[in-house]
Amino acid sequence: MARIKKIIGLIDADLLDNGTRHPNLVLLKLAGFFHDNGIQFELILDPKADTSHYTKIYMSRVFTYTELPELYIRAKGTSEERKFHCGGTGFYANEANVMEYRKMREDDMNRLENDEFLNSLRNFHGGKEYAINMARQMPYYHLYDSFVNQQVEKGFKREKYKDYQKYSIGFLTRGCVRHCPFCVNKLENHILPYSKLQCFLDEERDDNGKLIRPYIYLWDDNFLASDPSIWRPLLEQLIETKRPFQFRQGLDERMLAESPYGEEMAEMLSRSRYHGDFIFAFDNWKDHELIEKSLKIWKRYNPKKGTKFYLFCGYKQAEHSQDKFYKDIWELFQRIKILMSYGCVGYVMRHEDYHKAPIPNFYIQIARWCNQQAFYKKMSFWEYCYRNQTYWEQHSGFEVLDEIKSFDAFQKDLSAGFYAHPNKNGKVRKICRTLQTALDVLEMFPNHYDELIQMYNYKMEDLIDPILWQNRI
């Protein structure tokens, strides 16, 4: 009897729902494991694909808001469902019950290494003779080639998908000690070594001998908060590769002030070949004094290095909780003001609870302004909003005399009926959604009107002050 050929399907649920621009590391490692064992596998790119020819299907979902693909919904309740092995933080990250979350988290973290089928296959990277070792497994970096080629055929530039093509990806450490309630690591108490760099550092070269993947992406949860016996040799090892690297989830800026080795951290990072902006996080306003103390250390060693901070917001918003909404946007603007003062850029990260806020579109507009450095570095939030207005006017056949106008000048125009007059084609000069959203927030909080106008006008060129870090305080 002929032996049935195994074909494994791999599904990046977030990719199929347009929710990511990064490859899924779990799937890369599964692909590497199957490749080592000579088992055929495919990345499924059609959410409606026929799955009948697959022996097994491994599906990963990172984000809770990702819609599961139709092919999985179709299989539910049928014999086809037995083929599916599903995991990832997207299946449990919003679980509120602590005990249930702990159980789901532990199960998810160990699912693949306890998988019966995977346990029947050889492990070529150390540890057990059989079963995948997720810490040691070398990723198969060509898994997403078919996706990239598909997108190029549609007319997109290949460079748009560099995250899938030019990076070695892995964790050097796992765990955190901060217990942030919105984080998947909220129950963690330790930071421990995970993969060795050589377990995921790719050495493939092209015909000219150049590295195909010259960059390193690190997904560590909180690298700098690990013990110095962990982070120091690992950081030196990264520097010694002479490859540009980046801690994609950000580094904990607070450690520069909290740790007795903070200045050493800043100095070591200053002489590394870092890829792009250094990324930190400023998630909580309560940390502002600690962040400023850390920034003084950081900027002394890295005065000209691009520095970006993730700005978490929108958590636990509720439609009828205006006070909570104002507190959140006030704290967001104050964090932005501090970053501007130190010449740093922000990147707004919205928790999905922002959808429940009284004016959820306000978070969208702040993110569109803040997350695009060309706007953030040159315009205040107000100027960004008004520039959106004049852009709409210019493309709707209206004459525009001033592309940017002060809020006071705009108010005078509004009171004079400027936005009620039709143009020569009879079209009324309406207020665009971006500007209207900013006005809606002002209307919602009349007692904070002046304060909001002040925050709307925060501008980096007005706020940046090198004396803040040039003087040792």
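**Exercise 1.** In this predicted model, find how many bridges join strand S11 (residues 307–313) to strand S12 (residues 345–350), and decide whether the two strands run parallel or antiparallel.

*Solution.* Begin with the pairing itself: six bridges join S11 to S12, and the two strands run parallel. Next, look for a pair of residues that face each other, and you will find Tyr 310 opposite Tyr 347 in S12. Finally, include helix H10 (residues 322–341), which together with S11 and S12 makes a right-handed β-α-β unit.

**Exercise 2.** Work out which residues of helix H8 (residues 262–270) are buried, and where they lie around the axis.

*Solution.* First list the residues with under 20% relative accessible area, which is the cut-off for buried: they include Gly 262, Met 265, Ala 266, Met 268 and Leu 269. These residues cover an arc of only 165 degrees around the axis, which puts them on the same side of H8. As a general rule, an α-helix has 3.6 residues a turn, so residues three or four places apart point the same way. The last step is to name the partners: the buried residues of H8 pack against helix H6 (228–241), helix H7 (255–258), strand S10 (278–281) and helix H9 (288–301).

**Exercise 3.** Determine the order of the three strands in the open sheet that contains S8, and identify the edge strands.

*Solution.* Reading across the sheet, the order is S5-S8-S9, with parallel pairing. Strand S5 (167–170) and strand S9 (245–247) are the edge strands, since each pairs on one side only. The twist averages 15 degrees from one strand to the next. Strand S8 (residues 215–218) pairs with S9 over three bridges, and Ile 216 stands opposite Phe 245 in S9.

Definitions and conventions: Residues are numbered from 1 along each chain as its sequence is written. This is a predicted model: local features need pLDDT of at least 70, side-chain atom pairs count only at pLDDT 80 or more; totals for chains, interfaces and linings use all residues. Side-chain values use heavy atoms; hydrogens and water are left out. Buried means under 20% relative accessible area, exposed over 50%, partly exposed in between (1.4 Å probe, protein chains only). Helices (H or I, at least four residues) and strands (E, at least two) are DSSP runs, numbered from the N terminus. The arc is that of the directions from the helix axis to the C-beta atoms. Contact means heavy atoms within 4.5 Å. Two strands pair if DSSP finds at least two bridges between them. A crossover is right-handed if, with the strands pointing away from the viewer, the path from the first strand over the helix to the second runs clockwise. Axes are lines fitted to C-alpha atoms, for helices over the stretch in contact, and angles run from 0 to 180 degrees between N-to-C directions.
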